[in-house]
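Here is a short briefing to read alongside the model. Let's walk through one helix, the cores and the confidence.

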Amino acid sequence: MCPYHVVTIMTKQNLSNAKSCVNPTMFMVEKPPPPPSPPQPRGSYINNISRKTLVEINGEPRIMKSWVDSMRASSPTHHMSANLYEDKTSWMVHHPSAVDMFEDIISVSKGKKIVMFLDYDGTLSPIVDDPDQAFMSHDMRGTVRKLARYFPTAIVSGRCIDKVYNFVQLAELYYAGSHGMDIKGPSKGSKYSKKGTQAVLYQPASKFLPMIVEVYKELLDKTKSIEGVRVENNKFCVSVHFRCVDEKKWGELSQQVRLVLKEYPKLKLCQGRKVLEIRPIIKWDKGKALQFLLQSLGYAKCNDVFPIYIGDDRTDEDAFKVLRERRQGLGILVSKTPKDTHASYSLQEPSEVRIFKHLSKVH
């Protein structure tokens, strides 16, 4: 039994006033049936370049009139259904605040081996217009460093490892970059890494690297005339950010991206938060990365492991779903607006994601 068992969520609020009103085992049962209105999409996988676009939303194929429609659907400011829930209060019944529920989290995690998984953008740092300026605060870095002293801790990001490491600057963490397609163990300072463990743990998409470089260069050229677009090489995937692109130009942008993608049938286009991402067609995502890291830590078949995953993006839904299927641990969605999600709890924004307040020992 692990000697450390208590984790709480630190915020600017007074945690002593936190309320407990939901069964502490709520996240270990199946997700309650969704309301009848259509949910907001968690992600789109686009492998069709016709005028009408076939996308995958919440596991079901749907037809959208154009790529622009799917780009709108991926934006937090555009909702496929304004009536996802009657109001935020009813959504919070299904996904209560992790702050208000921290006593229940403490109770159900008691005596279990906690493993922490954290997204970066929108979770440890605020979402910003320029992805190169997504710096985390010194306080946040301090809390993550403190957390890693007690629990195995991993950053799981869509960015390449080098970029996210430059932001976090903590050698004692596990890093899963490019949506889990590049996984490395701690380089120093972690008591959870095994002796002789190589820095690089797994790279399931290595053979695609030359192809990714080609696509990156082509996209830079094809989109250079579109003001505000940012093309980012994340090693095992290419990210096309359109957060600063005039919506009137989205159609032109999507056309240029699909023209490039047409020549690469072994790549797929996925949608995230104001970003189009080109990835290899392999069965790998943040959920698979979570499972791989648990296995690497020796917890794959462990009944008393308690993984906690905190993230804000639809790509994090793959990890939330894995935790529900395992019936272990919990997922926490960082979002100010109601979204259809596999997460059990919610937080409003990165300023609330102050992990690690109190640890105690089990005797």
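**Helix 5 and its surroundings**

In this predicted model, helix 5 (residues 161-168) has four named residues that are buried: Ile161, Val164, Phe167 and Val168. Because they cover an arc of only 130 degrees around the axis, they sit on the same side of helix 5. Buried means under 20% relative accessible area and exposed over 50%, with partly exposed in between (1.4 Å probe, protein chains only); helices (H or I, at least four residues) and strands (E, at least two) are DSSP runs, numbered from the N terminus. The arc is taken from the directions from the helix axis to the C-beta atoms.

- Asp162 and Asn166 are exposed on the other side of helix 5.
- The buried residues pack against helix 4 (138-148), strand 6 (153-156), strand 7 (174-177) and strand 8 (182-184), with contact meaning heavy atoms within 4.5 Å.
- Gln169, just after helix 5, takes a positive phi of about 60 degrees.

**Nonpolar cores**

- A nonpolar core is a set of buried Ala, Val, Leu, Ile, Met, Phe, Trp, Tyr and Cys residues joined through side-chain atoms within 4.5 Å.
- In the largest core, of 53 residues, Phe117, Leu219 and Ile278 touch the most other members.
- Apart from it lies another core of 34 residues, including Val168 and Leu347.

**Confidence**

- The average pLDDT (the predictor's confidence in each residue, from 0 to 100) is 79, and 73% of the residues score at least 70.
- Among the elements, helix 6 (residues 209-222) has the highest mean pLDDT (97) and strand 2 (residues 44-46) the lowest (37).
- Where pLDDT is low, the predicted coordinates should not be read in detail.

**Reading notes**

- Residues are numbered from 1 along each chain as its sequence is written, and side-chain values use heavy atoms, leaving out hydrogens and water.
- Local features need pLDDT of at least 70 and side-chain atom pairs count only at pLDDT 80 or more, while totals for chains, interfaces and linings use all residues.
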